[in-house]
Amino acid sequence: MCLSTVYKMTDTGPAFLCKNIQSVDVDPGSGKLTFTDVMGIRYESMAKIQSIDLIENVITIEEEPA
């Protein structure tokens, strides 16, 4: 099973957001990303995907300014 860890970019570098992510959904209207972990817990963020590393199972996002 391939589960990913999500990091958000900050001024000081990547910061941990959530882990054991099994799916990512994108709301095309709002741009909201929804990450769902293996236990079914959902994490939402207004962000853009910056990168996805399928070998290291890492997703990096850049949050939208409020």
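This is a guided tour of the structure above, stop by stop, with something to select at each one.

**Stop 1: the whole chain**

Start with a cartoon view, and keep in mind that you're looking at a predicted model. Colour by secondary structure and you get 5 strands and 0 helices. Walking along the sequence, the order reads β-β-β-β-β. The radius of gyration is 11 Å, close to the 11 Å that the globule rule gives for 66 residues, so the chain is as compact as a globular protein of that length. Turn on a C-alpha trace and line it up with its principal axes: the spans are about 35 × 30 × 15 Å.

Now switch on the surface. The accessible area of the protein chain is about 4600 Å², and carbon and sulfur atoms own 53% of it. Buried residues account for 24% of the 66 residues. If you have a contact map open too, take the contacts with a separation of 6 or more: 25% of them join residues 24 or more positions apart.

For a quick look at charge, colour the charged side chains. There are 10 negative ones and 5 positive ones, and the centres of the two sets sit 5 Å apart.

**Stop 2: the nonpolar core**

Hide the surface and show sticks for Val 6, Cys 18, Ile 21, Leu 33, Phe 35, Ala 47, Ile 59 and Ile 61. Those 8 residues form the largest nonpolar core. Which strands each supply at least two residues of this core? They are strand 2 (13-26), strand 3 (32-37) and strand 5 (58-63). As general background, nonpolar side chains tend to be buried together in soluble globular proteins.

Next, centre on Ile 61, a member of that core. Skipping neighbours within four places in sequence, the residues in contact with Ile 61 include Val 6, Leu 33, Phe 35 and Ala 47. The list also takes in Tyr 7, Lys 8, Met 9 and Leu 17, among others.

**Stop 3: Leu 33 and Thr 36 on strand 3**

Select Leu 33, another core residue, which you'll find in strand 3. Leu 33 has a relative accessible area of 3%, so it counts as buried. Leaving out residues up to four places away in sequence, Leu 33 touches Asp 25 and Val 26, Tyr 43, Glu 44 and Ser 45, then Ala 47, Lys 48 and Ile 49, plus Ile 61. Try a distance label from Leu 33 to Leu 17: the two are 16 residues apart in sequence, and C-alpha to C-alpha they are 12 Å apart.

Stay on strand 3 and pick Thr 36. Is Thr 36 buried or exposed? Buried, at 10% relative accessibility. Beyond its neighbours within four places, Thr 36 is in contact with Asn 20, Ile 21, Gln 22 and Ser 23, and also with Ile 41 and Arg 42.

**Stop 4: Val 24 on strand 2**

Jump to Val 24, in strand 2. At 30% relative accessibility, Val 24 counts as partly exposed. Measure across to Phe 35: 11 residues separate the pair along the chain, and their C-alpha atoms are 4.7 Å apart. Phe 35 is also among the contacts of Val 24, along with Thr 34, Ile 49 and Ile 59, once neighbours within four places are set aside.

**Stop 5: two asparagines for your Ramachandran plot**

Most residues other than glycine have a negative phi. Now highlight Asn 20, where phi is positive at about 60 degrees. Asn 20 lies in strand 2 and is partly exposed, with 34% relative accessibility. Asn 57 also has a positive phi, near 60 degrees. This residue, Asn 57, lies in the loop between strand 4 and strand 5, and at 23% relative accessibility it is partly exposed.

**Stop 6: Glu 56 and Ile 52**

In that loop between strand 4 (42-53) and strand 5, select Glu 56. Glu 56 is exposed, with 55% relative accessible area. Its C-alpha is 9.7 Å from that of Leu 3, a residue 53 positions away along the chain.

Finish at Ile 52, back in strand 4. Not counting residues up to four places away, Ile 52 touches Val 58 and Ile 59. For one last distance label, go from Ile 52 to Val 6: they are 46 residues apart along the chain, with 9.2 Å between C-alpha atoms.

Note on methods:
Residues numbered from 1 in each chain as written. Predicted model: local features only at pLDDT ≥ 70, side-chain atom pairs only at ≥ 80, totals over all residues. Heavy atoms only, no water. Helix = DSSP H or I, 4+ residues; strand = E, 2+ residues; numbered from the N terminus. Rg over C-alpha atoms; globule rule 2.2 N^0.38 Å. Buried < 20%, exposed > 50% of the residue type's maximum accessible area, 1.4 Å probe, protein only. Contact = heavy atoms within 4.5 Å. Areas by Shrake-Rupley, 256 points an atom, 1.4 Å probe, with all protein chains shown as cover. Lys, Arg positive; Asp, Glu negative; His and termini not counted. Charge placed at Lys NZ, Arg CZ, Asp CG, Glu CD. Core = buried A, V, L, I, M, F, W, Y, C linked by side-chain atoms within 4.5 Å.
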